[in-house]
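Biologist: I'm new to reading protein models. Could you walk me through this one, step by step?

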Amino acid sequence: MFSYCADPSQIEGLKWLSCYLTTGKHLNLYWSLLTVLALLAITAPTALAFGFFGASAARSRIAPLRWIGKTYIAVVRGVPDIAFFLFFVIALDQGIEFLRHKALCSDWDQPIRQGNDFLVCQAAKMPLGSSPQWVHEIYGFSLAVLTFAIVFGAFAANVLFGAMRAVPHAQLETAEAYGMSPRQIFRRVLVPQMWVYALPGLGNLWMVLIKATPLLFLLGVEDIVYWARELGGSKTTRFTDYPHPDWRMWYFLGLLVFYLIFTRISEIVIARLMQRLTVGQATTGGEAQRKMA
């Protein structure tokens, strides 16, 4: 904090603004930006892993695996994201506490379900009430990552399943004619070839994931939308040294600019990645590159 911020009532203009933007709550806003970026950095590869295994299961020759893969894709894609987020987080949290309760509180003589209440012993709480705040935050963030990964993993599975089917069958037959096993064909031919067909859909899914990060607020994580609403609301001298009218429009305008810049950078990266993947491929992009060469 700047030294001239000691008495906000005695400063004005840019100095007042610099002091206002470096308060403790604004530092929480800046940290929440890192929370959003961390969510995207962890969720994207995790969702892609869910999608890859879901797509692989959906095209499996083993019927139970195929049913599991197709059911996962159909069920998660068919449920609204908000409804799934609210249901899954509560169900998972209560499921963890239920298992801990059964393992740690064998002497409990009361029903766990008491009307609308879900009651377990203190030792089964997840996390424990005595745990520091950072443990609660990491637990909530982990639940958010898992929920996002499951939801967007189903969409990624659908994209990858279609990309696997788009690989020319003649290439797979040629690999089989050379004596490759089904596992070798999958690993050496199908998977490397499918990415050029999957990237457009995965790119769109990445954009949707970016726009879905404000749903963190529904999962109990204090994200940038929460802090923009909290800081932008009108403040009086009774509650803060920096009173101001309703500035939520300006805070949300800043969020709009942030997301537009982020998505634009993503578009550039995806376009360059697509250009590299189409080199030598029998696609429209690959044919265009060969003609230019």
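Biologist: Which way round is the crossing in which α2 passes α5, left-handed or right-handed?

Modeller: First, a heads-up: this is a predicted model, where local features need pLDDT of at least 70, side-chain atom pairs count only at pLDDT 80 or more, and totals for chains, interfaces and linings use all residues. Residues are numbered from 1 along each chain as its sequence is written, and side-chain values use heavy atoms, with hydrogens and water left out. A crossing is left-handed if the near helix is turned anticlockwise from the far one by less than a right angle, and right-handed if clockwise. By that rule, the crossing of α2 and α5 is right-handed.

Biologist: And at roughly what angle do the axes of α2 and α5 cross?

Modeller: Axes are lines fitted to C-alpha atoms, for helices over the stretch in contact, and angles run from 0 to 180 degrees between N-to-C directions. Helix α2 covers residues 24-58 and helix α5 covers residues 133-166, and their axes come within 5 Å. Angles under 35 degrees count as roughly parallel, over 145 as roughly antiparallel, 65 to 115 as roughly perpendicular and the rest as oblique. So α2 is oblique to α5, with a crossing angle of roughly 45°.

Biologist: How many nonpolar residues are in the contact of α2 with α5?

Modeller: Here Ala, Val, Leu, Ile, Met, Phe, Trp, Tyr, Cys and Pro count as nonpolar, Asp, Glu, Lys and Arg as charged, and the others, Gly among them, as polar. The contact has seven polar and no charged residues, and its nonpolar count is 22.

Biologist: What pattern does the chain follow along the sequence?

Modeller: Helices (H or I, at least four residues) and strands (E, at least two) are DSSP runs, numbered from the N terminus. The chain has ten helices and two strands. Read in order, they give α-α-α-α-β-β-α-α-α-α-α-α.

Biologist: In which helix is confidence lowest?

Modeller: pLDDT is the predictor's confidence in each residue, from 0 to 100. The chain's mean is 82, and 90% of its residues reach 70 or more. Confidence is highest in helix α3 (residues 63-78), at 90, while the lowest mean, 53, belongs to helix α10 (residues 284-292).

Biologist: Is the ring pair of F152 and F155 stacked, edge-to-face or tilted?

Modeller: Rings of Phe, Tyr and Trp (its six-membered ring) pair if their centres lie within 6.5 Å; planes under 30 degrees apart count as stacked, over 60 as edge-to-face and the rest as tilted. That rule gives nine aromatic pairs. With centres 6.5 Å apart and planes at 45°, the F152 and F155 pair is tilted.

Biologist: Is F152 buried or exposed?

Modeller: F152 and F155 sit three residues apart in helix α5, so about one helical turn separates them. Buried means under 20% relative accessible area, exposed over 50%, partly exposed in between (1.4 Å probe, protein chains only). F155 has 27% and is partly exposed, whereas F152, at 2%, is buried.

Biologist: What are the centre distance and plane angle for F258 and Y259?

Modeller: F258 is partly exposed at 22%, while Y259 is buried at 15%. Ring pairs link both of them with W206 and F262 into a cluster. F258 and Y259 form an edge-to-face pair, with 5.2 Å between centres and 70° between planes.

Biologist: Are α6 and α7 roughly parallel or antiparallel to each other?

Modeller: Helix α6 (residues 169-177) passes α7 in a right-handed crossing. Their axes lie 10 Å apart and the packing angle is about 160°. The two helices are therefore roughly antiparallel.
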